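Biologist: I would like to learn how to read a protein model step by step, beginning with the way helices pass one another. Could you take me through the general idea each time before turning to the case in hand?

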Amino acid sequence: MALDTRTDRRPSFAGLLWGSTVGKKAVMAVSGLVMLLYLVVHMLGNLKIFFGADEFNGYGHWLRVVGEPFMHEEWTLWLVRVVLVAAVVAHATSAYQLSRRDIKARPHKSVHKKARTSYATRTMRWGGIILGLFIVWHVLDLTTGTVHTGGFQEGRPYQNVVDTFSTWYGNVIYLVAMLALGLHIRHGFWSAAQTLGVGSRARERLLKTLAQVLALVLTVGFVSVPVAVMTGVVS
């Protein structure tokens, strides 16, 4: 008689965490906060454009050499990119899987399709899709220059930004994406705080106010650049 050599493998803690709804929400929260931190830094960097071409182009060069001589040129930049891509993928994957679970959990899909999905939930879903598409366009426009019009100039981000926001479609794409970003942050920051156990009745008002302030500051900060180009403040 043959012996059963099979062994029951217990799932790892990471596997159990990822397989649970709570775990996926935690991944969404942490990855969202990583991206939020990046957005704050990115916005502050963008505002350097108001100090002129030399300042902004110098900032663009610094991003490529930060960490030298310990880090080789662009290594730090690529490290940041890898972390951001991982955060975006984790965020989008967990959001999609949670959405599928929510749909399957509905007792009657065709009846009362009204809103177990609230306004905030729908905003987050559509906002996420808009932002995902925007990220692809933004990289192809100002990082690789693939879809850039007006002659992409390597190492001259000031001129490239002015080129992009000198077109009506560049402004429309960017402004729509930034409005979606503001709504996403407004709802997402509060949700992340709740998921990570930071939220409470005592802190509810403070956290909601902080979410609104963050959303407003980031939206205004990012939108100020195309508006400045359109109005001739930056040219």
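Modeller: A crossing is called left-handed if the near helix is turned anticlockwise from the far one by less than a right angle, and right-handed if clockwise. Please keep in mind that this is a predicted model. Here α2 passes α8 in a left-handed crossing, and the two helices pack at an angle of about 40° with their axes 9 Å apart.

Biologist: Which residues of α2 and α8 meet there?

Modeller: From α2 come L36, L39, V40, H42, M43 and N46, and they meet L214, V217, L218, G221, F222 and V225 of α8. Sorted by class, the contact of α2 with α8 holds nine nonpolar residues, three polar ones and no charged ones.

Biologist: How does α2 pass α4, and at what angle do their axes cross?

Modeller: The crossing of α2 with α4 is left-handed, and their axes come within 8 Å and cross at roughly 145°. Among the residues making this contact are V27, M28, V34 and Y38 of α2, together with L84, A87, H91 and L98 of α4. The residues of the contact of α2 with α4 divide into 12 nonpolar, six polar and three charged.

Biologist: Stepping back, how many helices and strands does the protein chain have?

Modeller: The chain comes to eight helices and zero strands. To judge how it folds back on itself, look at contacts between residues at least 6 apart in sequence: 65% of them join residues at least 24 apart.

Biologist: How should I check the length of a helix, for instance the span of α2?

Modeller: The idea is to compare the distance between its end C-alpha atoms with the span expected at 1.5 Å a residue. For α2, with 26 residues, the expected span is 38 Å and the end C-alpha atoms are 37 Å apart, so the two agree. Helix α4, which covers residues 75-105, reaches 45 Å from its first C-alpha to its last, close to the 45 Å expected.

Biologist: And what does it take to call a residue buried?

Modeller: A residue is buried when its relative accessible area is under 20%, and exposed when that area is over 50%. Of the 235 residues of the chain, 31% count as buried. N171, found in helix α7, counts as buried because its relative accessibility is 6%. Q212, found in helix α8, is partly exposed because its relative accessible area is 41%.

Biologist: What does N171 touch, and what separates Q212 from G182?

Modeller: Leaving out residues up to four places away in sequence, N171 touches F165, P226 and M230. The C-alpha atoms of Q212 and G182 are separated by 8.5 Å, although these residues are 30 apart along the chain.

Biologist: Where do nonpolar side chains tend to be in soluble globular proteins?

Modeller: In such proteins, nonpolar side chains tend to be buried together. In this model the largest nonpolar core has 32 residues, and those touching the most other members are I49, M178, L181, I185, L218, F222 and V234. Helices α2, α3, α5, α6, α7 and α8 each supply at least two residues of this core, and α8 gives the most, with 10 residues.

Biologist: Which residues does F222 touch?

Modeller: Not counting residues up to four places away in sequence, F222 touches L39, H42, M43, N46, Y174, M178 and L181. Of these, L39, M43 and N46 are among the buried residues of α2.

Terms used: Residues are numbered from 1 along each chain as its sequence is written. This is a predicted model: local features need pLDDT of at least 70, side-chain atom pairs count only at pLDDT 80 or more; totals for chains, interfaces and linings use all residues. Side-chain values use heavy atoms; hydrogens and water are left out. Helices (H or I, at least four residues) and strands (E, at least two) are DSSP runs, numbered from the N terminus. The expected span of a helix is 1.5 Å times one less than its number of residues. A nonpolar core is a set of buried Ala, Val, Leu, Ile, Met, Phe, Trp, Tyr and Cys residues joined through side-chain atoms within 4.5 Å. Buried means under 20% relative accessible area, exposed over 50%, partly exposed in between (1.4 Å probe, protein chains only). Contact means heavy atoms within 4.5 Å. Axes are lines fitted to C-alpha atoms, for helices over the stretch in contact, and angles run from 0 to 180 degrees between N-to-C directions. Ala, Val, Leu, Ile, Met, Phe, Trp, Tyr, Cys and Pro count as nonpolar, Asp, Glu, Lys and Arg as charged, and the others, Gly among them, as polar.
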